[in-house]
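Trainee: Could we go through this model together? I would like to see how each label follows from its value.

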Amino acid sequence: MTPLRLLALDTAAVPATDAGGVARVRALARRARCRGVLLGPSWPTTAQAAAMRRAGLVLAAQRTPEELAQSGALAVVAELAASGPLLLVVAGGRSRDTLRRALEGLARLRAPTLRLALVSVPVCHRGDTRGDVGVEVVAHRSARAWLAGVAEVAWAAQCDACGVRAACAGPVAEAAVAPQPAPVSNQFDLVLAREPSPGEVALSSAEAARCAWIATPSGGALARCDNAGWTDADLHLVLDQLGQLWLDTSDKARLDDFAADLRPLIQDAPARELPTGGVAPARWRPTTGDPFAVEEAYVEAALIAMRGTVVDIGAGPVRYLRLLAGRIASGEVRYAAVEPDTPALRRSGDALPGARLARGVGEHLPVRDAVADHVLMLRSFNHLRDVAAAFAEASRVAADGASLLVVDNVAFGLVRTSAQIDRARAVSVLETPFEHYRNANADAAVAAIEATGCWRVTEVRAVAPGRANQWTVRARRRPREPG
Ligand SMILES: C[S@@+](CC[C@H](N)C(=O)[O-])C[C@H]1O[C@@H](n2cnc3c(N)ncnc32)[C@H](O)[C@@H]1O
């Protein structure tokens with residue numbers, strides 16, 4: 001039974017009438033590659049149910065057997081099922097008898113639109129009831145609390161009348177709850193103080209670790225990281241070891257051209273103890289130059305040299321369109337883009353006649369075996385949910401001797417005024433398509449590539465102070481073993 005993938009959401013977070021809100025839920029489900037939504041812990045209203053069905057989503061609601069035994073619960077199921085298809089996920093529970101009674105009660109409803117799935121029900125409690133549908137649940141952050149509750153009541157110590165003396169076989173296997181990885185930002189802000197401050201500001205060592213003194217034309221000002229989500233160790237790595245601090249010079253809510261919107265900052269002096277007591281934060285000064293251009297020129301040169309079939313994983317709005325269009329038109333390059341975000345894919349398609357565009361993810365490439373002469377993973381590595389699966393797929397589609405080009409970014413800090421920060425934070429996270437799950441460096445990519453055993457790493461460009469926050473790893477596909 002192929003499990004049906006459902007996105008678990010808190011019912012309270014699901015709109016009934018707001019069309020924009022419904023569209024957002026639909027987009028969230030699509031991004032998580034889910035065909036439906038699993039709502040809990042409270043029942044959806046009929047209006048919420050209708051909105052989800054109109055959005056083309058399978059409507060699923062979750063209850064424990066104990067909750068189904070409460071008065072009125074079966075009437076709600078009957079009402080929801082009367083208005084359209086309903087998948088009821090019966091999850092967890094404390095006793096085999098209650099489960100049996102709940103299932104009998106549901107059977108008596110004789111609702112043709114009702115389907116059943118069993119989640120976190122131990123094998124011995126299932127009896128003859130297998131459920132109609134196997135589900136795989138992806139937990140949205142709004143649902144983590146109640147799903148954790150389901151997991152807690154799930155068995156082990158609670159089992160009654162179990163004759164099995166060996167280890168418990170546990171909950172039904174196909175109903176595993178896969179937590180959605182938590183999205184990670186790749187940027188933190190250092191808020192620039194309005195008032196100037198002398199170069200030798202004395203701070204406590206804890207404060208100094210989260211501050212930078214920025215030289216400005218009028219002297220200098222202190223900038224302070226106000227985001228507790230970034231630890232002192234994170235800041236130390238990004239600022240002191242990798243040197244990735246930039247001055248935001250734009251008035252955009254969302255930066256889209258780093259070379260134009262940012263000025264590089266160079267660390268002049270690290271944080272140091274002052275003879276008079278206290279610690280002076282690290283000192284930084286703006287510089288000229290465009291470290292991004294250097295890295296981009298490198299990537300472009302690699303792309304220009306490519307001939308044959310190129311598979312671009314997470315192509316997005318195809319940044320190198322200008323460079324590729326002519327080569328695709330002339331037949332020098334057969335270009336196949338794989339991208340989960342449909343609008344991005346459509347925009348690329350309009351501008352690239354002759355390209356093959358497929359909706360898909362790196363973890364399941366809609367591409368035949370051993371056809372690619374070049375595999376690109378340009379800034380999509382940090383977006384992958386399952387890095388190992390994606391590199392297994394890259395290895396499968398690559399022909400013997402094919403090249404692999406992986407480019408991505410480490411995190412960076414931005415020095416901004418509070419007005420710039422307010423503008424940026426007004427952009428809803430729901431408007432950010434396809435979350436970013438890590439801030440990996442080149443070493444992480446090398447490890448993932450080498451773990452496949454299929455590639456030989458040929459070049460690594462790591463991030464360092466004075467360079468952009470972009471790294472590159474290149475590799476060559478080892479020949480397949482005969483047979
Ligand atoms: C930062 S954009 C990079 C786009 C383009 N390759 C570039 O270099 O500008 C990341 C892209 O990865 C895509 N993406 C997200 N999850 C993905 C996945 N699991 N597999 C492949 N691509 C994914 C996103 O939709 C987005 O278009």
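Mentor: Happily; we will take one residue, two helices and the ligand in turn, keeping in mind that this is a predicted model.

Trainee: Let's start with R5. Why is R5 called buried?

Mentor: R5 has a relative accessibility of 16%, and buried means under 20%. The value falls under the cut-off, so R5 counts as buried.

Trainee: Where does R5 lie, and which residues is R5 in contact with, leaving aside its neighbours within four places in sequence?

Mentor: R5 lies in strand β1, residues 4-10. Leaving aside those neighbours, its contacts are A32, R33, C34, R35, G36, E136, V138 and R385.

Trainee: What makes the R5 and R33 pair a polar contact?

Mentor: A polar atom of the R5 side chain lies 3.2 Å from the backbone oxygen of R33. The cut-off is 3.5 Å for a pair of N or O atoms, so this pair is within it.

Trainee: On to helix α4, residues 73-82. How do you know that its buried residues are on the same side?

Mentor: Those buried residues are A73, V77, L80 and A81. They cover an arc of only 95° around the axis, and that puts them on the same side of α4. As background, an α-helix has 3.6 residues a turn, so residues three or four places apart point the same way.

Trainee: What covers the buried residues of α4?

Mentor: The cover includes α2 (46-54), α3 (65-69), β4 (86-91), α5 (96-109) and β5 (114-119). After α4 comes G84, with a positive phi near 160°.

Trainee: And what makes the buried residues of α15 line one face?

Mentor: In α15, residues 418-425, the buried residues are Q420, I421 and A424. Seen down the axis, they fall within an arc of 100°, so they line one face of the helix. They pack against β8 (187-192), β11 (245-248) and β21 (412-416).

Trainee: Now the ligand. Which residues come nearest, of the 16 around the ligand?

Mentor: Those are G314, E339, G362, L378 and R379.

Trainee: How do you know that E339, L378 and R379 make polar contacts with the ligand?

Mentor: Set each distance against 3.5 Å. A polar side-chain atom of E339 is 2.5 Å from a ligand oxygen, and one of R379 is 2.7 Å from a ligand oxygen. For L378, a polar backbone atom is 2.7 Å from a ligand nitrogen. Taken alone, the ligand exposes 590 Å², and the protein buries 86% of that.

Trainee: What is the shell around the ligand made of, by class?

Mentor: There are 6 nonpolar, 5 polar and 5 charged residues in that shell.

Key: Residues numbered from 1 in each chain as written. Predicted model: local features only at pLDDT ≥ 70, side-chain atom pairs only at ≥ 80, totals over all residues. Heavy atoms only, no water. Buried < 20%, exposed > 50% of the residue type's maximum accessible area, 1.4 Å probe, protein only. Helix = DSSP H or I, 4+ residues; strand = E, 2+ residues; numbered from the N terminus. Arc of directions from axis to C-beta. Contact = heavy atoms within 4.5 Å. Near = heavy atom within 4 Å. Polar contact = N/O pair within 3.5 Å; in protein donor to acceptor, adjacent residues only side chain to side chain. Areas by Shrake-Rupley, 256 points an atom, 1.4 Å probe, with all protein chains shown as cover. Nonpolar A, V, L, I, M, F, W, Y, C, P; charged D, E, K, R; others polar.
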